[in-house]
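Reader: I would like a close look at a single part of this model, taken together with the elements that surround it. Please begin with one pair of strands and work outward from there.

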Amino acid sequence: MKKGDLLYTGKAKSVYTTDQADRLILHFRNDTSAFDGAKLAKLDRKGEMNNRINTFIMGHLESAGIATHFIERISAVDSVVKRLDMIKVECVVRNIVAGSLSKRLGIEEGFDLDQPVFEFFLKDDALHDPFINDSHIRAFSWASDAEIDAMRTLTLQVNDILKPLFANAGILLVDFKLEFGRDGDQLALGDEFTPDGCRLWDAKTRNKLDKDRFRRDLGDVVEAYEEVARRLGVPLQD
Ligand SMILES: Nc1ncnc2c1ncn2[C@@H]1O[C@H](COP(=O)(O)OP(=O)(O)OP(=O)(O)O)[C@@H](O)[C@H]1O
Ligand SMILES: [Mg+2]
């Protein structure tokens, strides 16, 4: 697989075309951002750690029957994926209250939810990824009714698959964000699943093992990602 032109530079990944029209390369950078790009840093080895964790999680989801874009990891920081027509909404599931839900509803961080909460957000940094609902998605034609249903169902399925995976590693899956895209007339899970886009707490101490360490200046960010990888059994060497 040959890396072609740079197609897109996101906040944490660069996307390249390849010699196959329906394949892209996701290049995981060390760049780390928070608050819609207002806080930036480069964290040594983060790209490599995220590429390894993403490979492991995408593989686990595929074997559990979720269609993903993931094809293969081809270097420390690059993976080949199927090119998707991305839907510009983010799908979030929460098992424990944290982050924007805590702020929005005034409920303290750490409140255990009896059932998962599902939320849509518009993927738009300039607008700070606003909270939206099905009605907005339909009204502005960001996705069809069938796609809205599929995104919700798939995201809740991913939660059912990943919660026990993390629990077996002594980690609480607090919340996570997914992005989907169109692969012909099917939806597939796109983008990434890494500690950049979810909250993971140590099950005993509730210590943070995710990007909140960066947002809140807690230090040892990549060390925490590595701890997650180690506990999950993600290979840390080739
Ligand atoms: N399979 C795919 N096909 C096409 N685009 C994809 C695919 N997977 C992910 N992407 C897009 O590639 C980009 C990855 O870069 P990154 O995650 O760094 O961007 P971001 O800064 O979070 O997002 P954005 O700039 O779009 O708000 C995102 O825009 C994502 O939606
Ligand atoms: Mg992103």
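Author: The model is a predicted one. A suitable starting point is the pair formed by β4 and strand β5 (residues 39–42), which are joined in the antiparallel sense by 4 bridges. Within this pair, Ser33 of β4 has Leu40 in β5 as its bridge partner. The two strands make up a hairpin with 4 residues between them, and in the turn Phe35 adopts a positive phi of about 55 degrees.

The hairpin belongs to a wider setting. According to the domain assignment, the chain contains domain 1 (3–82) and domain 2 (85–220). Their C-alpha centres are 18 Å apart. To the contact between them, domain 1 contributes 19 residues and domain 2 contributes 22 residues. On the side of domain 1 that touches domain 2, β4 (31–34) and α1 each supply at least two residues. The largest share of that side comes from α1, which gives 7 residues. Sorted by class, this side of domain 1 comprises 10 nonpolar, 7 polar and 2 charged residues.

Attention may now turn to the open sheet against which α1 rests. This sheet has 5 strands in the order β1-β2-β3-β7-β6, and the pairing is antiparallel. At its edges stand β1 (3–9) and β6 (70–73), each of which pairs on one side only. With direction ignored, neighbouring strands of the sheet are turned by 30 degrees against each other on average. Between β6 and strand β7 (residues 78–82), which run antiparallel, there are 3 bridges. One residue of this pairing is Arg73, whose bridge partner in β7 is Ser79. Helix α1 packs on this sheet and touches β3 (23–28), β6 and β7, while its direction makes about 135 degrees with that of β6.

Helix α1 also has a helical neighbour. The axes of α1 (residues 46–63) and α6 (residues 221–232) come within 10 Å and cross at roughly 30 degrees. Since an angle under 35 degrees counts as roughly parallel, α1 and α6 are therefore roughly parallel to each other. The crossing in which α1 passes α6 is left-handed. On the α1 side, Lys46, Met49, Arg52, Ile53 and Phe56 take part, and they meet Val222, Tyr225, Glu226, Val228, Ala229 and Leu232 of α6. This contact of α1 with α6 consists of 8 nonpolar and 3 charged residues, with no polar ones.

A further sheet completes the account. It is an open sheet of 3 strands in the order β8-β13-β14, with antiparallel pairing. Its edges are β8 (85–86) and β14 (186–189); each has a single partner strand, so one side of each is left without a neighbour in the sheet. Strand β13 (residues 180–183) and β14 run antiparallel and are joined by 4 bridges. In that pairing, Asp183 stands opposite Gln186 of β14. Helix α4 (residues 145–167) packs on this sheet, where it touches β13 and β14, and its direction makes about 35 degrees with that of β14.

Notes. Residues are numbered from 1 along each chain as its sequence is written. Chains are lettered from A and ligands numbered from 1 in the order in which they are written. This is a predicted model: local features need pLDDT of at least 70, side-chain atom pairs count only at pLDDT 80 or more; totals for chains, interfaces and linings use all residues. Axes are lines fitted to C-alpha atoms, for helices over the stretch in contact, and angles run from 0 to 180 degrees between N-to-C directions. Angles under 35 degrees count as roughly parallel, over 145 as roughly antiparallel, 65 to 115 as roughly perpendicular and the rest as oblique. A crossing is left-handed if the near helix is turned anticlockwise from the far one by less than a right angle, and right-handed if clockwise. Two residues are in contact if their C-beta atoms, placed from the backbone, lie within 7 Å. Ala, Val, Leu, Ile, Met, Phe, Trp, Tyr, Cys and Pro count as nonpolar, Asp, Glu, Lys and Arg as charged, and the others, Gly among them, as polar. Two strands pair if DSSP finds at least two bridges between them. Domain bounds come from an automatic or database domain assignment.
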